[in-house]
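Student: I've got a structure to look at and I'd like to work through it with you. Can we start with the ligand?

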Amino acid sequence: MDFTISDEHRLLRDEIIRFARNELSPGVIERDRSGVFPRDLWLKCGEMGLQGLPVPEEYGGAGLDPLGTALALEALGYGCEDGGLTFAICAHLLACVVPVWKHGTEEQKQALLPALCSGRMIAVNGMTEPGSGSDAFAMHTQARRNGAGYRLTGRKTFGSNGPVADVALVYALTDATRGYHGGVTAFVVPTASDGFSVGQKFEKMGLRTSPISELVLEDVCVPDDAVLGGVGGGTALFTESMEWERICIAAVHVGTMQRLLEQATSYARTRTAFGRPIGKHQAVAHRLVDMKVRLEASRLLVYRAASRLDHARDIALDASLVKLFVSESLVKSALDAVQTMGGYGFMTEYHVERVLRDAVGSTLYSGTSEIQRNIMAGWMGL
Amino acid sequence: MEAMNATVKDYILTEFLPGERPDALDESTPLITGGILDSIATVRLVVFLEEQFGVRFQPHEMSPDHLDSIRAITDTVRAKRAEHA
Ligand SMILES: Cc1cc2nc3c(=O)[nH]c(=O)nc-3n(C[C@H](O)[C@H](O)[C@H](O)COP(=O)(O)OP(=O)(O)OC[C@H]3O[C@@H](n4cnc5c(N)ncnc54)[C@H](O)[C@@H]3O)c2cc1C
């Protein structure tokens, strides 16, 4: 396998890192503390093309292939210290923009993609419900036939971008008896629709600049052309969006792990204890080596999966493998970085305690570690 | 024709009913509604059918209408092949 990075990708990566450091990272401690979504920065990211990385240029995207998309997101994870903003971009791009691009009709793509790619329109993915998280297809939200369209009723929860979104990708039962097997349909629902409201907003442990809320649908009427990807096609559409999300969010984590490693290494080279740099103490050095091993293994897994993303039919297995390994590696490496920096690592102004808090979410969203293991067990015929 | 049924039956028996006797599965045994194929098994079966028979399933076709029995499966695959013949 050869993942030689082209000059074009290298330039793009450098450009994103510079942009993220200069424009997105400053002020992150205050934003994280107050939990505000930085809409101005979101729009700047849109100008950079981040919300439409893999979408063809004719629809306002940057036209990158999946590996290029992963490389760009890795650069963002490396350069941008605002993990919540990066997460908000991923939730929008991977769980909402990708399915519209992949499964929308020509009219839907023309109506939605340019504004979604530029960030003028923000999307939220509505799958999880209060009673169905891991068992996502045990949902209750229903879409009933209503004249020339559908009437949607139900309650979604943990919708990232929910409080600021203009449009929601809502999964609902069009045939409760079928459920997973052809009974779920995806709908594009403007959040300004009658009967649509945001519901409870949640405060979180990490990723605090990414707002999250319920989505309440009380007899929301949508026309037939709100259906995305065909009636009964919601399962396949959601599954594909999770493949993109699991692999490409892991790319962000790889960038974040690189930043953590560089920070912890440079700290260990300069901080002294017992008359020498702490990195000369073997127990500290070994911890940094383990961070390096996790980083390189994660990066290879992400590149391999991203390079197969658009054509391999068993990509769901890769996606779970990548998501499991990389998210758990991120949590371990964030803890290791804090430990290496001692008391300073625990202090907000050193920026690693926030990364640790952000990292804890990574083994939960897009399917928990247990669910990734279950998926892999299924693919292994167990 | 018989060969296709046998290939599909063999795959389902080995992958999803290990240790089960071959006569436990016939052409009309309900696979999805009978709980033999869960969500991941259904995707794996479709990947197998696509690779084995050179067909392509649409998102909404991962349903009992098309996959609930060996007969339904082979009918679907044959119809798809005829379409592209
Ligand atoms: C930061 C963040 C952002 C999110 N953004 C979105 C979003 O934008 N849109 C959206 O729809 N959802 C979103 N979610 C929801 C997320 O997908 C769910 O939280 C997740 O799928 C788990 O569901 P749950 O919280 O209901 O936990 P449960 O499903 O109740 O699980 C609780 C525990 O039981 C374990 N468990 C459950 N079933 C099994 C099993 N079969 N075998 C072994 N263990 C099991 C789980 O792994 C977990 O440890 C987000 C979540 C977070 C944390």
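Student: How far is a polar side-chain atom of A:Thr128 from a nitrogen atom of the ligand?

Tutor: Keep in mind that this is a predicted model. A polar contact needs a pair of N or O atoms within 3.5 Å. The side chain of A:Thr128 offers a polar atom, and its distance to a ligand nitrogen is 2.7 Å.

Student: Which part of A:Phe158 lies 3.1 Å from a nitrogen atom of the ligand?

Tutor: For A:Ser160, it's a polar side-chain atom that sits 2.8 Å from a ligand nitrogen. For A:Phe158, the atom at 3.1 Å from a nitrogen of the ligand is a backbone N or O.

Student: How much of the ligand's accessible area does the protein cover?

Tutor: Start with the ligand on its own, which has 970 Å² of accessible area. The share of this that the protein covers is 63%.

Student: Which element supplies the largest share of the shell around the ligand?

Tutor: The ligand is surrounded by 15 residues. In chain A, β3 (149-160) and α12 (369-379) each give at least two residues to that shell. The largest share is 3 residues, and they come from β3(A).

Student: Which class is the shell around the ligand richest in: nonpolar, polar or charged?

Tutor: Let's go through the classes. There are 6 nonpolar residues and 1 charged residue in the shell. The remaining class has 8 residues, and that class is polar.

Definitions and conventions
Residues numbered from 1 in each chain as written. Chains lettered and ligands numbered in written order. Predicted model: local features only at pLDDT ≥ 70, side-chain atom pairs only at ≥ 80, totals over all residues. Heavy atoms only, no water. Near = heavy atom within 4 Å. Polar contact = N/O pair within 3.5 Å; in protein donor to acceptor, adjacent residues only side chain to side chain. Areas by Shrake-Rupley, 256 points an atom, 1.4 Å probe, with all protein chains shown as cover. Helix = DSSP H or I, 4+ residues; strand = E, 2+ residues; numbered from the N terminus. Nonpolar A, V, L, I, M, F, W, Y, C, P; charged D, E, K, R; others polar.
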